[in-house]
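Please load the model in your viewer and keep the selection panel at hand. The tour begins at the ligand and then moves out to the strands and a helix.

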Amino acid sequence: MKPKIIVANWKCNPESSQEAQKLFGISDKKNVVIAAPYLFLHLGKELTYAQLGAQDAFLDNGAFTGEVSSRQLVKAGVKSVILGHSERRIYFGETDELIVQKAKAALDFGLSVIICIGESQREREEGTMMAGRTIRRDVINSLSGIPPKRSGKITVAYEPIWAIGTGETPNPTDINERAKLIKSTAESLGLFGVNVLYGGSVDENNCSDFLNQPEIDGLLVGGASLVSEKIAKIIKIMNNLNGDIYPVVHKEVPAKTKPAKEVKRGTTKKKTETKKTVTLKPKKALAKKQAKPALKPKKSPFSKVKKSVKKKK
Ligand code: PGA
C-alpha cells in the first residue's frame, strides 16, 4: 500500500504569524503538506518533516500585480502547489485553460501540483451517472496537455463542492470508486500513477473512513487543519495507518557547507570569511536557462500580456 498523505489547506487563514507558527509546529509531521498563505511561507522554512505548499501559483514573474509565481515559490522553499481549487474557480473566475497553464508552469519549475476537481450541488442532484461523467470531463479538462513524464508529480484532489465546509460528506466507498475513475481517466491521457486525494468536511472523526479506502491516497483538509487538536489527531490517524512505510513527503537533506579555510600560521593578514554574493543573471539569460513554462495557451489573456511585454523590450 502506498503511504497516505494529508494536505492542510489553510485558505485565507490564520490571522497572525503567531497562530501560523503554532499550526506549523503541530502539523510538522511525516507525509504532511502544509499549504499556507504566501504571507506565512517564510515561517514554514523551518519545517523538519512536513513539506511546504502554496494554494496557487502564477505562470511566471513579470508585471502581474498581486500575483506570486511558481518561480518565486520554488525559491521560497515551496514543494507543492494546490491549483484550481473550487474557490479560485468560483470567486476568481479561474478556467480549466488557465489551470492547465499554471500546472504546466509549476511542473516546469519543479513543483508538485495538486489539481482540484469536484461536482457542484446541481451536478450532484443530476445523479450518480452524471457525477461520473462530470468527473471524467473535469479530469480531461484539468489535465489535458500535461506531459506524461510529469505524472509522478501530479495529484488530483477530488472535492465535491457541496461537501466543502458544509459538514456534509459523501459515502467513502463511493469516493473510492470515483478515485478509481479519476485514475483511469488520467491514464487515458497517458498520466500513470497519479495520486488522488479526497477533500470536503474532513475531520478527526471521519478521516479514517476515507483513509481506509484503497484508491484514496490521502486527504485535503481545510477547516479542521486550522484547529490544533483536530489536525494533530488526523495526522496521527494517518501516520498510524502508514506504519513504517517510507514517507512520500520528506525533507531534502541540505547540502553541507564547506568549513571556512584555516588561516596559515605566521601570516600577518588574517583571511576574513567573505560572504558569497549571488549575481543575478540578466532576465533573458535566466529565462533561457530555466525550463520555460507553457505560455502558449489557446485562448488565455495572459499569453497576450506576456507577448506584448516581450515586444516592448
Ligand atoms: P473543508 O475544506 O475541509 O473545510 O471542507 C476543504 C477544502 O476546501 O480544501
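Select Glu159 together with the ligand: a polar side-chain atom of Glu159 lies 2.6 Å from an oxygen atom of the ligand, which is a polar contact in the sense of a pair of N or O atoms within 3.5 Å. The model is a predicted one, in which local features need pLDDT of at least 70, side-chain atom pairs count only at pLDDT 80 or more, and totals for chains, interfaces and linings use all residues. Residues are numbered from 1 along each chain as its sequence is written, and side-chain values use heavy atoms, with hydrogens and water left out.

Add Lys11 next, where an N or O atom of the side chain is 2.7 Å from an oxygen atom of the ligand, and then Gly222, which places a backbone N or O atom 2.9 Å from a ligand oxygen. The ligand taken alone exposes 280 Å², of which the protein buries 95% (Shrake-Rupley areas with a 1.4 Å probe).

Now switch to a cartoon view and select the strands (DSSP runs of E, at least two residues, numbered from the N terminus). A closed barrel of 8 strands runs β1-β2-β3-β4-β5-β6-β7-β8 with parallel pairing, where pairing requires that DSSP finds at least two bridges between two strands. Within the barrel, select residues 5-9 (β1) and 32-35 (β2), which pair in the parallel sense over 4 bridges; Val7 has Val33 of β2 as its bridge partner.

Finally, select residues 96-108, helix α4, which packs on the sheet and touches β4, β5 and β6 (contact meaning heavy atoms within 4.5 Å).

Notes: Polar contact = N/O pair within 3.5 Å; in protein donor to acceptor, adjacent residues only side chain to side chain. Axes fitted to C-alpha atoms, helices over the stretch in contact; angles between N-to-C directions.
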